[in-house]
Every structure is written in C-alpha cells, then in structure tokens.
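Here are a few notes to read alongside the picture. Keep the structure open and find each spot as you go.

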Amino acid sequence: MHVQWIWLVLTLILLLPPLPLSASLRKFLRSRRNVTASVSSLLCIWQNWVDLLRAGAGVYLLTEYAVQTDPGVKGAGTEALMLEATILVVVLLFQTVRFGQGPRLVAPVFYLCGFTLVLAGYAAGGFAIFTGWLFAIGGKNPAYQLPIMGVALGMAGGLLDFNLRLVVAFGLIFLPLFLAFMTRLPLAFVAREPVAMTA
C-alpha cells in the first residue's frame, strides 16, 4: 500500500471542514421545529448540494489516487480499505457532530449520498440513494432517507455485488443514526426554516 500525500491532503481539504452556515441556519439547527423539516426545505439549501459534490469527489480521490495498492502484495487491498474507512469515519464525525451552545448532531444526508454513490458503486449506491429519497419524499419526512438508504444498500449488495467497500458504505450510513441513539440527541437537518404564515 502506498499513500500519495498530495492527493490525501487534497482529499482532506475537500472532505474535512463542514461548510459555514448562516446565522439563521445555525439557529434553525437548534430549533425544535427542525425535526419537522420538509424534504423541499433540504433541497433548496446550497450547502447540501455542495456537500454532495465534495463528498463524492473526495471519496473518489481517496480511493483512486490517495491510497494505492500493489496487486501483487497479499492483503494490501484490505489494508488500504481499512485506512480509507478510518479516514472516512473521522471526516464523517466532523460533518455530523457540531459544537456551539452545546453539542448537536447534524444528519449529513447529502454528504452520505456522495459517499455511497462512489464507495458502494454506481449501481448499488444509485439504487440505495434513489430508494432512500423515494421514501423520504413519499413519506414527507427526510428522517426516512438515511435508514431506508442503508437498508436498500444492503439489499442491493446481496443482489448485485457484495464487497467490502459496500460494507464500509453501509456502516457509514448508520453511524450518525447510531450516534443519535447512543447520545439521545436528535439528528438535525440543514434546511430552510419554514416561513410563518400570517393571517
């Protein structure tokens, strides 16, 4: 296994720092009304779309350029995958756990869509993302997206191509949900605050 440090630094620049949020978005993250955020309120925030693109690009750089393996060395692929998984867990924690007036957890929905599409493969990852959003839109609740995407990815892996990268992608999807369960903190969404209707 060989680490290309220039590519790794570029990968971390893409993946590591969460995007800055406006004061109104930060306030809405702490609001109780955030748990009832609509799917459309997530789709109209530019930070979410940038998270999708930078997560996909970052995983691609990490797996294709930053960490390279010698096919002739036994176990090199597994060793490289362990390093990649460790890096992805760390950057995902930075994306999920936020501080400021106490800790809070942010559901990195778009960020994990970028991870899943590249890490799990375009067929299995695309199916999982599509299914997750289908349930979120149909159920009018973005909280459905991550768990359904994880379940769909597991199903796709069994039907299409089960591999260790898919297992890593599966674990990453459920990491924020596990953190929320263990800390009993709600997962907040980066979403636009609903406009109050006036009579």
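1. Let's start with a pair of helices. Helix α6, residues 109-119, packs against helix α9, residues 164-183, at an angle of about 170°, and their axes are 9 Å apart. Because angles over 145 degrees count as roughly antiparallel, α6 is roughly antiparallel to α9. Do keep in mind that this is a predicted model.

2. Which residues make that contact? From α6 come L112, F115, T116 and L119, while α9 brings R165, V168, A169, L172, I173 and P176. Sort the residues of this α6 and α9 contact by type and you get eight nonpolar, one polar and one charged.

3. Now have a look at the surface. A nonpolar patch of about 890 Å² is made there by I6, W7, V9, L10, I13, Y60, Y65, L117 and Y122. Two elements give two or more residues to this patch: α1 (5-15) and α4 (46-66). Which of them gives the most? That's α1, with five residues. If you want one to pick out, try W7, which is found in helix α1.

4. Last stop, the salt bridges. How many are there? The count comes to two. One pairing to look up is D51 with R54, whose closest N and O atoms are 2.8 Å apart. Both D51 and R54 lie in helix α4, and they are three residues apart, about one turn of the helix. You've met α4 already, as one of the elements giving two or more residues to the nonpolar patch.

Note on methods. Residues are numbered from 1 along each chain as its sequence is written. This is a predicted model: local features need pLDDT of at least 70, side-chain atom pairs count only at pLDDT 80 or more; totals for chains, interfaces and linings use all residues. Side-chain values use heavy atoms; hydrogens and water are left out. Axes are lines fitted to C-alpha atoms, for helices over the stretch in contact, and angles run from 0 to 180 degrees between N-to-C directions. Helices (H or I, at least four residues) and strands (E, at least two) are DSSP runs, numbered from the N terminus. Angles under 35 degrees count as roughly parallel, over 145 as roughly antiparallel, 65 to 115 as roughly perpendicular and the rest as oblique. Contact means heavy atoms within 4.5 Å. Ala, Val, Leu, Ile, Met, Phe, Trp, Tyr, Cys and Pro count as nonpolar, Asp, Glu, Lys and Arg as charged, and the others, Gly among them, as polar. Patches are made of residues with over 30% relative accessible area and no salt bridge: like charges are joined within 9 Å, nonpolar side chains (Val, Leu, Ile, Met, Phe, Trp, Tyr) within 5 Å. Accessible areas come from the Shrake-Rupley method with a 1.4 Å probe; for residues, only the protein chains shown count as cover. A salt bridge is a side-chain nitrogen of Lys or Arg within 4 Å of a carboxyl oxygen of Asp or Glu.
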